[in-house]
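User: Hi! I would like to understand the labels used for this protein model. Could you walk me through them?

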Amino acid sequence: MGIEAPGKIIDVGGRGLHVLELGSGPVPVVFEAGIAASSLSWQLVQRPVSGFARTLSYDRAGFGWSEPAPASATALDAALDLERMLNATVGTREIVLVGHSFGGLITRIFQQRCPDRVAGMVLVDPVIRAEWKGMSDERKAML
């Protein structure tokens, strides 16, 4: 993007991910965007929530201000990046996850991997794993 990043770039496994942190509070609220969206898609939600909580939105690898993904870019890869980003920003404390669409799938994978770290989840129109199994060539092309 030609516009300066509104947050900061953090090192996650040798590459940079863009993270926008706003507000303060004991339990961070972490926003996970839909499949082709960036941290900007949460701007109208993150700002009001940051009035009473620490909030984080970020750009997954290859989106927004973040560096490209390595060879693979699966939902599991994204969940691992989410875990690395959280380790670098909030440590291992409990969080509340908010995921939209494909972001809901990523947050559920993270929750299954790290159940003790998730204090709560909000899923907004989440995708279902079954939707991603055995996709037709037409659906793959759409993605």
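User: What makes Phe31 count as buried or exposed?

Analyst: Happy to help, and please keep in mind that this is a predicted model. Buried means under 20% relative accessible area. Phe31 has 2% relative accessibility, so Phe31 counts as buried.

User: How do you know whether Trp42 is buried or exposed?

Analyst: The reasoning is alike: the relative accessible area of Trp42 is 7%, and the cut-off for buried is under 20%. Trp42 is therefore buried.

User: Why is the pair of Phe31 and Trp42 called tilted?

Analyst: A search of the whole structure turns up 1 aromatic pair. Its ring centres, those of Phe31 and Trp42, are 5.0 Å apart, with the planes at 40°. Rings pair if their centres lie within 6.5 Å, and planes under 30 degrees apart would be stacked, over 60 edge-to-face. An angle of 40° falls in neither class, so the pair is tilted. The pair links distant parts of the chain, 11 residues apart: Phe31 belongs to strand E3 (residues 29-32), while Trp42 sits in the loop between E3 and helix H1 (43-49).

User: What makes Arg60 count as lying over the face of Phe63?

Analyst: The distance from Arg60 to the ring centre of Phe63 is 5.6 Å. The distance cut-off is within 6 Å for CZ of Arg, together with a position within 35 degrees of the ring normal. Arg60 is accordingly listed as lying over the face of Phe63.

User: Why do strands E1 and E6 stand at the edges?

Analyst: The open sheet has 6 strands in the order E1-E2-E4-E3-E5-E6, with mixed pairing. Strand E1 (8-12) and strand E6 (118-124) each have a single partner strand, so one side of each has no neighbour in the sheet. From one strand to the next, the twist averages 30°.

User: What makes the pairing in this sheet mixed?

Analyst: Two pairings show both senses. Strand E2 (residues 15-22) and strand E4 (residues 55-58) pair in the antiparallel sense over 4 bridges, and Leu20 has Ser57 as its bridge partner in E4. E3 and E4, by contrast, pair in the parallel sense over 3 bridges, with Leu56 in E4 as the bridge partner of Val30. At least two bridges are needed for a pair.

User: How do you know whether Ile95 is buried or exposed, and which residues does Ile95 touch?

Analyst: Ile95 has a relative accessible area of 0%, so Ile95 is buried. Ile95 lies in strand E5. Beyond residues up to four places away in sequence, Ile95 touches residues including Val30, Leu86, Phe110 and Val118. The C-alpha atoms of Ile95 and Val118 are separated by 5.2 Å, though these residues are 23 residues apart along the chain.

User: Which residues have the most contacts inside the largest nonpolar core, and what makes a set of residues a core?

Analyst: A nonpolar core joins buried nonpolar residues through side-chain atoms within 4.5 Å. The largest one has 25 residues, and Val30, Leu82, Met85, Leu86 and Phe110 have the most contacts inside it. E1, E2, E4, H2, E5 and H3 are the elements giving two or more residues to this core, and H2 gives the most, with 6 residues. There is also a second, separate core of 7 residues, with Trp42, Val49, Ala53 and Val98 among them.

Key. Residues are numbered from 1 along each chain as its sequence is written. This is a predicted model: local features need pLDDT of at least 70, side-chain atom pairs count only at pLDDT 80 or more; totals for chains, interfaces and linings use all residues. Side-chain values use heavy atoms; hydrogens and water are left out. Rings of Phe, Tyr and Trp (its six-membered ring) pair if their centres lie within 6.5 Å; planes under 30 degrees apart count as stacked, over 60 as edge-to-face and the rest as tilted. Buried means under 20% relative accessible area, exposed over 50%, partly exposed in between (1.4 Å probe, protein chains only). Axes are lines fitted to C-alpha atoms, for helices over the stretch in contact, and angles run from 0 to 180 degrees between N-to-C directions. Contact means heavy atoms within 4.5 Å.
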